[in-house]
Amino acid sequence: MAVKNFVVGLFDDEAVLFPAVKKVRTAGYKLHDVYTPFPVHGLDHAMGLRETSLHTAGFIYGITGTTTALTFMSWVFNVDWPLNIGGKPHFPLPAFIPITFELTVLFAAVGMVMTFCYLCQLMPGVKKHIFHPRQTDDKFVMVIELTEKSNAEEIKRFLNEAGAHDVNEQRAEAGWWYGRYDKNDEDVYASPANA
């Protein structure tokens, strides 16, 4: 578990948050994440996130499904159990199209859902730190990671000037871990933020 220090800024409106994100990136601070109650168009580009490659993964899963279907059916009809049914060919491609289509869609759909859950860290038992209780309710939360070069007081002042109405410093787990929300992890929060 990598426990890190963060400065958390709370915003009321996306019209204030959006320019603040651009200012934080321009200032060179390490932006950990931004939590919003609804999708904000263009925020991913303002945060510097790259475009998703989920569509490429879906294509690869679909090709895998197509290859699996065609390979298995040709193996069954040509190698494992070749039958001469009325002089028809052993590889009747038009008859294979429905099953090939179904396996292509099945592999692509299941693979993309599993990849999405992995990329978004959505799994049973996964626990992430909640920086503010209303972070996806009606408030916008910007989290800046403190590095060795950054000063917490300077970042707090910067966020206040950018329009944040509540700024605080927190010490939390940086990634995800297995745990439960109904039990506190005392070892994570035992030491103070400035230690």
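A residue counts as partly exposed when its relative accessible area falls between the buried class, under 20%, and the exposed class, over 50%. That scale will be handy below, as we walk through this predicted model.

**Two cysteines and no disulfide**

Cysteine 120 has a relative accessibility of 34%, so it belongs to the partly exposed class. Cysteine 117 is also partly exposed, at 25% relative accessibility. Might you expect a bond here? Searching the whole structure turns up zero disulfides. A disulfide needs two cysteine sulfur atoms within 2.5 Å. The cysteine sulfur closest to that of cysteine 117 belongs to cysteine 120, and because they are 7.5 Å apart, they are too far for a bond. Seen from the other end, the closest cysteine sulfur to that of cysteine 120 is in cysteine 117, again at 7.5 Å.

**The sheet**

Now to the strands. Four of them form an open sheet in the order S2-S4-S1-S5, with antiparallel pairing. At the edges are strand S2 (30-35) and strand S5 (166-173), each of which pairs on one side only. From one strand to the next, the twist averages 25 degrees.

Here are the strand pairs, each with one example of bridge partners.

| Strand pair | Bridges | Example partners |
|---|---|---|
| S2 and S4, antiparallel | five bridges | valine 34 and methionine 142 in S4 |
| S1 and S4, antiparallel | six bridges | leucine 10 and valine 141 in S4 |
| S1 and S5, antiparallel | eight bridges | valine 3 and glutamate 173 in S5 |

Why is S1 described as largely enclosed by the rest of the structure? Seven of its nine residues are buried, so the description follows.

**Helices on the sheet**

Helix H1 (residues 14-27) packs on the sheet and touches strand S1 (3-11), S2 and S4. The direction of H1 makes about 15 degrees with that of S4. Helix H5 (residues 152-162) lies across S1, S4 and S5, and runs at about 20 degrees to S1.

These two helices also pack against each other. The angle between H1 and H5 is about 145 degrees, and their axes are 9 Å apart. The crossing of H1 past H5 is right-handed. On the H1 side, the residues that meet H5 are Val16, Ala20, Lys23, Val24 and Ala27. Their counterparts in H5 are Phe158, Leu159 and Ala162.

**Two residues worth a look**

Threonine 115 is part of helix H4 (residues 93-119). Is threonine 115 buried or exposed? Its relative accessible area is 15%, so threonine 115 is buried. Leaving aside residues up to four places away in sequence, threonine 115 touches Leu54, Ala57 and Tyr61. With tyrosine 61 there is also a polar contact, side chain to side chain, at 2.7 Å.

Aspartate 137 sits in the loop between strand S3 (126-127) and S4. Because its relative accessible area is 55%, aspartate 137 is exposed. Which residue, 100 residues apart from aspartate 137 along the chain, has its C-alpha atom separated from that of aspartate 137 by 5.4 Å? That residue is proline 37.

Methods: Residues are numbered from 1 along each chain as its sequence is written. This is a predicted model: local features need pLDDT of at least 70, side-chain atom pairs count only at pLDDT 80 or more; totals for chains, interfaces and linings use all residues. Side-chain values use heavy atoms; hydrogens and water are left out. Two strands pair if DSSP finds at least two bridges between them. Helices (H or I, at least four residues) and strands (E, at least two) are DSSP runs, numbered from the N terminus. Axes are lines fitted to C-alpha atoms, for helices over the stretch in contact, and angles run from 0 to 180 degrees between N-to-C directions. Contact means heavy atoms within 4.5 Å. Buried means under 20% relative accessible area, exposed over 50%, partly exposed in between (1.4 Å probe, protein chains only). A polar contact is a pair of N or O atoms within 3.5 Å; within protein, one must be able to donate a hydrogen and the other to accept it, and residues adjacent in sequence count only if both atoms are side-chain atoms. A crossing is left-handed if the near helix is turned anticlockwise from the far one by less than a right angle, and right-handed if clockwise.
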